[in-house]
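Reader: Can we go through this one piece by piece? I'll ask, you answer.

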Amino acid sequence: MQWRSIVVALVVLRLTVSCLLWLAFGLGPSWGFNFPLNFNFNLHKIELFKQDDGESAKANSWSQRIHGHGDAQCRTSCASKEDSPKKSYLSLFEGDRDEYDRRYSSFPDTLKIKMKGMAKDMFYFGYDNYMKYAFPEDELNPIDCQGRGPDVLNPSNININDVLGNYSLTLIDTLDTLLVLGNVSEFHRAVKLVIDTVSFDKDSTVQVFEANIRILGSLISAHILLTDPKHPFGNVGLVDYDNELLHLAHDLAVRLLPAFENTSTGIPYPRVNLKSGVPPDSINETCTAGAGSLLVEFGILSRLIGDSTFEWVARRAVRALWKLRSNETGLLGNVVNIQTGQWVSKQSGLGAGMDSFYEYLLKSYILFGEKEDYRMFQASYESIQNHLRRGRESCNEGEGDPPLYVNVNMFNGQIMNTWIDSLQAFFPGLLVLNGDVEEAICLHAFYYAIWKRFGALPERYNWQLQAPDVLFYPLRPELVESTYLLYQATKNPFYLHVGMDILESLEKNAKVRCGYATLHHVVDKSKEDRMESFFLSETCKYLYLLFDDDNPLHKSENKYIFTTEGHVVPIDKRFREKQWNDLSPCEKVVTDQETSNGPFSNNSNCDRIPEERRYSLPLKSVYMRQIDHMVGLF
């Protein structure tokens, strides 16, 4: 309870400061430090004001969209000086601009080599201890140096059982990371272990989404890298390899198919038992991301084996969700009933429950070339910009708050709460993939500021209270992924500094006796005895790639993408060719003109980043200082 008292005291202090700032600068409300005096403050419930009907969709201060004209009362209560000349809001943050330049404008090659070595050591410290103390179990408990499998004594413990299926999860999930780090011999050893020891004939009830992205995706990725010497790592074939990983992937996918049966909408059940199918007591509710993020892995499998079944059920689920979007806003909700098609949670956002749905619309188009996928992505992106985005119109110019994407009601676009979650940190990376680099720069800077404050990303951060709502950090990769992709797009040394900060924070705050542990509390840095597989599969991989300019992935003439679990998948013409006719034609054929601004067009927004920007800060110092202030760094 002590930290809550501290938060209340800080809020009271902020109220005082905001009034003083109004007197001194004539500042209007800003989401970082200003509450209207009629704000109903409660740590568990925040009563939000309705927005004005005539309000602009891109209001400079998105706090005004939350509180309506609540700032008028603050002006009266603070006795504003109408006759005093008002200074620019951003003048508060102008200060010493060289401070940021000195810190971020260069990154020596020797330091880059050192950070690459640190990232490599981080991976092997976790991986070697997993193999020593935990294999063949699913995860490593890094504090007790023991293995962890499903919680058979408590089947309702879905936090564990959704992910752990008693199938050597961490080993499978890290296969392609071994190749990224250049360790072909260990990659071969790991593949042989998977072939010799892994079976999916288990009495394990797992989440379809997690089994798909962590297990199926990794098996497919490793199989492709083993069998196709044209792709980034060259000829890493294994003697006597007979497509065993592909057979395992097929076997797993078949065991996931019952999730798509006996559902009136075509949206799958969230969980299946690998032996017996959908459990009799299965719930009829699933999240949008869980049901709509299967297309990449299922689609590649279908095209590798020539069986349309897997891609068809995944596409049917995406189309079913798409039909349920709001007619008014074009937005989707978070949780849906798979039998009735009714939205159980009407919250629309970019974080947990929705994130990878949008990601896979774009990545499916890139992989398969299906224009229907890009049509849906374009429409979704437009709705996101119109209803979720708040802040000034331009990232690096103008007055007002920096851009931020908030959680809204899918039917009317009104804000439902004042928190964002750490999974949303993936979105700058998706913006890069779509060519919207400037927008990515601003949003990434906000998440990096939160990281600087806590040395981690809290699972939920309340931007209105400037405090975490949910305090743990399970070593998630999303901020690292976006950092890596922004560095690839801009080559700006700023992002190397961000990666170094993340790497050093993990070493300082998460390293324990046998690996890296989940932070239970981002403030006091207490820990939980769990190291999730995505730490090795994604977090370490992206950190290593960030500092390894000479990696084969960066030198290869062949293009590739990462799945939502960070698995390497080449962009291959084989995946754009089907051995079957379309089973369900899309409602609208997308014209070439409609896709002319797509991720492969000549009009890519990437061209808007001039060469000289690579040698200066990606975001102007005044805006960096503004964001730092808004998350409470000073």
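**Charges, rings and the core**

Author: The charged end of arginine 460 sits over the ring of tryptophan 419, at 3.7 Å from the ring centre. Sitting over a ring requires NZ of Lys or CZ of Arg within 6 Å of the ring centre and within 35 degrees of the ring normal. This is a predicted model, where local features need pLDDT of at least 70 and side-chain atom pairs count only at pLDDT 80 or more, while totals for chains, interfaces and linings use all residues. Residues are numbered from 1 along each chain as its sequence is written, and side-chain values use heavy atoms, with hydrogens and water left out.

Reader: Which ring does lysine 511 lie over?

Author: Lysine 511 lies over the face of phenylalanine 125, 4.6 Å from the ring centre. Lys511 is also among the contacts of leucine 506.

Reader: What else is leucine 506 in contact with?

Author: Outside its neighbours within four places in sequence, leucine 506 is in contact with Met122, Trp451, Tyr473, Leu475, Lys511, Tyr516, Phe535, Thr539 and Leu543. Contact here is heavy atoms within 4.5 Å.

Reader: And the largest nonpolar core, which residues touch the most other members?

Author: Phe427, Phe446 and Leu506 do, in a core of 174 residues. Helix 18 (residues 437-454) supplies the largest share of this core, 13 residues. A nonpolar core is a set of buried Ala, Val, Leu, Ile, Met, Phe, Trp, Tyr and Cys residues joined through side-chain atoms within 4.5 Å. Buried is under 20% relative accessible area, exposed over 50%, and partly exposed in between, with a 1.4 Å probe and protein chains only. Helices (H or I, at least four residues) and strands (E, at least two) are DSSP runs numbered from the N terminus.

Reader: Switching to helix 20. How many of its residues are buried?

Author: In helix 20, 13 of the 16 residues are buried, so the helix is mostly covered by the definition above. Helix 20 covers residues 494-509 and reaches 22 Å from its first C-alpha to its last, close to the 22 Å expected. The expected span is 1.5 Å times one less than the number of residues.

Reader: What about helix 5, how far does it reach?

Author: Helix 5 (residues 109-134) has 26 residues and spans 37 Å from first C-alpha to last, close to the expected 38 Å. Its buried residues include Met122, Phe123, Tyr127 and Tyr130.

Reader: How many aromatic pairs are there?

Author: The structure holds 28. In one of them, the rings of tyrosine 130 and phenylalanine 135 have centres 6.4 Å apart and planes at 75 degrees, so the pair is edge-to-face. Rings of Phe, Tyr and Trp (its six-membered ring) pair if their centres lie within 6.5 Å; planes under 30 degrees apart are stacked, over 60 edge-to-face, and the rest tilted. Tyrosine 130 is buried at 0% relative accessible area, whereas phenylalanine 135 is partly exposed at 21%.

Reader: And the rings of tyrosine 542 and phenylalanine 562?

Author: Their centres are 5.2 Å apart and their planes at 75 degrees, so that pair is edge-to-face. Tyrosine 542 is in helix 21 (residues 533-547) and phenylalanine 562 in strand 19 (residues 560-562), so the pair ties together parts 20 residues apart in sequence. Both tyrosine 542 and phenylalanine 562 are buried.

Reader: Which residues do ring pairs link into a cluster?

Author: Tyr100, Tyr104, Tyr448, Phe494 and Tyr495. Tyrosine 104 is in helix 4 (residues 98-104) and is buried, with a relative accessible area of 1%. The C-alpha atoms of tyrosine 104 and tyrosine 495 are separated by 8.3 Å, with their positions 391 residues apart along the chain.

Reader: Backbone oddities now. Where is the cis peptide bond?

Author: From phenylalanine 135 to proline 136, with omega near 10 degrees. Proline 136 is in the loop between helix 5 and strand 1 (139-141). Most residues other than glycine have a negative phi, and most peptide bonds are trans. Cysteine 145 has a positive phi, near 60 degrees, and glutamine 466 has one of about 55 degrees.

Reader: Is cysteine 145 buried or exposed?

Author: Buried, with a relative accessible area of 9%. Glutamine 466 also counts as buried, at 7% relative accessibility.

Reader: Last one: where does UniProt place the feature "binding site"?

Author: At Thr564, in an unreviewed entry. UniProt positions are given in the numbering used here, feature names are shortened, and annotations may be inferred rather than shown by experiment. Threonine 564 is in the loop between strand 19 and strand 20 (568-570) and counts as buried at 16% relative accessibility. Its contacts beyond four places in sequence are Ile213, Ser356, Glu359, Tyr360 and Glu538.
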